[in-house]
Amino acid sequence: MRHLMSPLDFSVEELDELFQLADDIQANPAKYAHACEGKKLATCFYEPSTRTRLSFEAAMINLGGNVIGFSDANSSSAAKGESVSDTIRIISCYADICAMRHPKEGAPMVAASKSSIPVINAGDGGHQHPTQTLTDLLTIRSLKGRLNNFTIGLCGDLKFGRTVHSLINALVRYDNISFVFISPDELRIPEYIIEMLKEKNIPYSEVTKLEDVLPDLDILYMTRVQKERFFNEEDYVRLKDFYILNKEKMELAKEDMIILHPLPRVNEISVEVDDDPRAVYFKQVQYGVYVRMALLLTLLGIKVTA
Ligand code: NCD
């Protein structure tokens, strides 16, 4: 039995197989429409979510399976003091696979250690968000045609943004990628990531001003300031509108640069940018469904032939 806690749980070759499966699902949805008949996915979300939970549910429904779950810790027995370890033992009796989001780093890992069904980390605190990374990689692979040879700028809350941490972890395994970290000083990328890049001799730079580096980027990954992970409101208010990507700034960017965003967007991308063909963050959401379908099939060990 296999869980998904971090994007590194899959080798580069396994990721490639997963993306090929996602491509085939996109091209032939009918072929997969009954693949998970009789299977149940449990979505256990102890933290707010729109895309991740609903895209998992849509993915399972597209595969002909069913979903159960909760979307709020207060409506589960966590509110009565039940531990994640106990909850997953219960869920293991009801479902075939579980996607779990939790505000505490490592909670899905604890669940996995007690679970008799595959557990997918759907985001744990400021730590990792592997299925968003799968979504990001599939989007880049589909729209850029490759997962190597590019300069990617990651902009916004690089300190608390778990999607950023997971994506960097995954990208360092591909050739010739350079990173540009764009953040206010208070929200810089964690030191352990910088150390990892240094160790692997991967080029990176850290800047504060987006305009200075926009012309160099092949991919711009925008993120919101993670309000819920701040200790005080004042700091959040001061930093929340630090970056606002608008039409004018987009004039500095390459013709074929793509803008990704894990969403939700708050103010960091002005809505006027949405019509720019380089803004692909809504397409990215659709790729998220295909890749989660591929992931469910893979972790459940279901192969669809013909
Ligand atoms: C992200 C998350 O939950 O970390 N959202 C998502 O799953 N697409 C990003 C965010 O909340 O900013």
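Two strands count as paired here if DSSP finds at least two bridges between them. With that in mind, here are some close-ups of a predicted model.

**View 1. Strand β1 and its partner β3.** β1 (residues 40–45) and β3 (residues 97–102) run parallel, with 5 bridges joining them. Look for Ala42 in β1: Cys98 in β3 is its bridge partner.

**View 2. Strand β1 and its partner β2.** β1 also pairs with β2 (residues 66–70), again in the parallel sense and over 5 bridges. Here Lys40 sits opposite Asn66 of β2. Bring helix α2 (residues 51–62) into the frame, and β1, α2 and β2 together make a right-handed β-α-β unit.

**View 3. How enclosed is β1?** Of the 6 residues in β1, 5 are buried, so the rest of the structure largely encloses this strand.

**View 4. The whole open sheet.** The sheet has 4 strands, ordered β2-β1-β3-β4, and the pairing is parallel. β2 and β4 (119–124) are the edge strands with a single partner each, so each has one side left without a neighbour in the sheet. From one strand to the next, the twist averages 15 degrees. As for what holds such an arrangement together, strands of a sheet pair through backbone hydrogen bonds.

**View 5. Helix α5 and the glycine that follows.** α5 covers residues 130–144, and at 1.5 Å a residue its 15 residues should span 21 Å; the end C-alpha atoms are 20 Å apart, which agrees. The helix is mostly covered, with 13 of its 15 residues buried. Just past the end of α5 comes Gly145, which takes a positive phi of about 80 degrees.

Definitions and conventions:
Residues numbered from 1 in each chain as written. Predicted model: local features only at pLDDT ≥ 70, side-chain atom pairs only at ≥ 80, totals over all residues. Heavy atoms only, no water. Helix = DSSP H or I, 4+ residues; strand = E, 2+ residues; numbered from the N terminus. Expected span 1.5 Å × (residues − 1). Buried < 20%, exposed > 50% of the residue type's maximum accessible area, 1.4 Å probe, protein only. Right-handed = clockwise from strand over helix to strand, strands pointing away. Axes fitted to C-alpha atoms, helices over the stretch in contact; angles between N-to-C directions.
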